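Me: I'd like to go through this model with you and ask how each label was earned. Could you set the values beside the cut-offs as we go?

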Amino acid sequence: SKIFLIWKAFFIVLMIGILMPMKAQSADVKTSQLPTMKPIDLSISLESDSYYNTTTEDMTSEMGVILGMESFTLGITPTITDKSNEWDMSNIEFSLAYDWKITDEISVSPYGKLNYDSDLDAGDRVIGLKTTIKLY
């Protein structure tokens, strides 16, 4: 339960830090003097998945932060498992993807994932390619 509380505190601090304003404009600068720039497409989301394994009788939760900027997506997702009423962080996954929109209906996303165990020893390294075709 300590690991869960640490991750919960980490996510709260992270969200507060991201949502705080990064720069303030001076009151004496006229808006006509400011350069016109395209707004940055930025997104922040929390993703979670909890499931119960009936074979091993373990409850597992994955909760992570997904940051998106323009066509890039960065994710950090720890895996926490309840084994016999003891919480164990078994995996931390770092992911990076790029969404390349070929047409309005077809997109391709090359991605990579790095996995680390609770001792931060390197685990699986995954490189993949997702294809999405919108039907409607």
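**Labels and the values behind them**

Me: Why does Phe 94 count as partly exposed?

Reply: Phe 94 has 33% relative accessibility. Buried means under 20% relative accessible area and exposed means over 50%, with partly exposed in between (1.4 Å probe, protein chains only). The value for Phe 94 falls in between, so the residue counts as partly exposed. Before we go on: this is a predicted model, where local features need pLDDT of at least 70 and side-chain atom pairs count only at pLDDT 80 or more, while totals for chains, interfaces and linings use all residues. Residues are numbered from 1 along each chain as its sequence is written, and side-chain values use heavy atoms, with hydrogens and water left out.

Me: What makes up the chain in terms of helices and strands?

Reply: There are one helix and seven strands in the protein chain, and the pattern along the sequence is α-β-β-β-β-β-β-β. Helices (H or I, at least four residues) and strands (E, at least two) are DSSP runs, numbered from the N terminus. Of the 136 residues in the protein chain, buried ones make up 18%.

Me: How many aromatic pairs does the structure hold?

Reply: It holds two. In one of them, the ring centres of Phe 72 and Tyr 98 are 4.8 Å apart and the planes stand at 55°, so this pair is tilted. Phe 72 belongs to strand β3 and Tyr 98 to strand β4, so the pair ties together parts that are 26 residues apart in sequence. The other pair is Phe 94 with Tyr 116, which is edge-to-face, with 5.9 Å centre to centre and 75° between the planes. Here Phe 94 sits in strand β4 and Tyr 116 in strand β6, so parts that are 22 residues apart in sequence are tied together.

Me: What makes one pair tilted and the other edge-to-face?

Reply: Rings of Phe, Tyr and Trp (its six-membered ring) pair if their centres lie within 6.5 Å; planes under 30 degrees apart count as stacked, over 60 as edge-to-face and the rest as tilted. The 55° of Phe 72 and Tyr 98 is therefore tilted, while the 75° of Phe 94 and Tyr 116 is over 60 and therefore edge-to-face.

Me: Are the ring partners Phe 72, Tyr 98 and Tyr 116 buried or exposed?

Reply: They land in between: Phe 72 is partly exposed at 45%, Tyr 98 is partly exposed at 32%, and Tyr 116 is partly exposed at 23%.

Me: How do you know that Lys 130 lies over the face of Tyr 111?

Reply: Lys 130 is 5.2 Å from the ring centre of Tyr 111. A charge sits over a ring if NZ of Lys or CZ of Arg is within 6 Å of the ring centre and within 35 degrees of the ring normal. The 5.2 Å is within 6 Å, and the pair is listed as lying over the face.

Me: What makes Ser 109 buried?

Reply: Ser 109, in strand β6, has a relative accessible area of 9%. That is under 20%, so Ser 109 is buried. The Ser 109 side chain is also joined to the side chain of Asp 99 by a polar contact of 2.6 Å. A polar contact is a pair of N or O atoms within 3.5 Å; within protein, one must be able to donate a hydrogen and the other to accept it, and residues adjacent in sequence count only if both atoms are side-chain atoms.

Me: What is notable about phi in Glu 57 and Leu 120?

Reply: Phi is near 55° for Glu 57 and near 60° for Leu 120, positive values in residues other than glycine. Most residues other than glycine have a negative phi. Glu 57 is in the loop between β1 and β2, and Leu 120 is in the loop between β6 and β7. Glu 57 has a relative accessible area of 56%, which is over 50%, so it is exposed. Leu 120 is exposed as well, with a relative accessible area of 56%.
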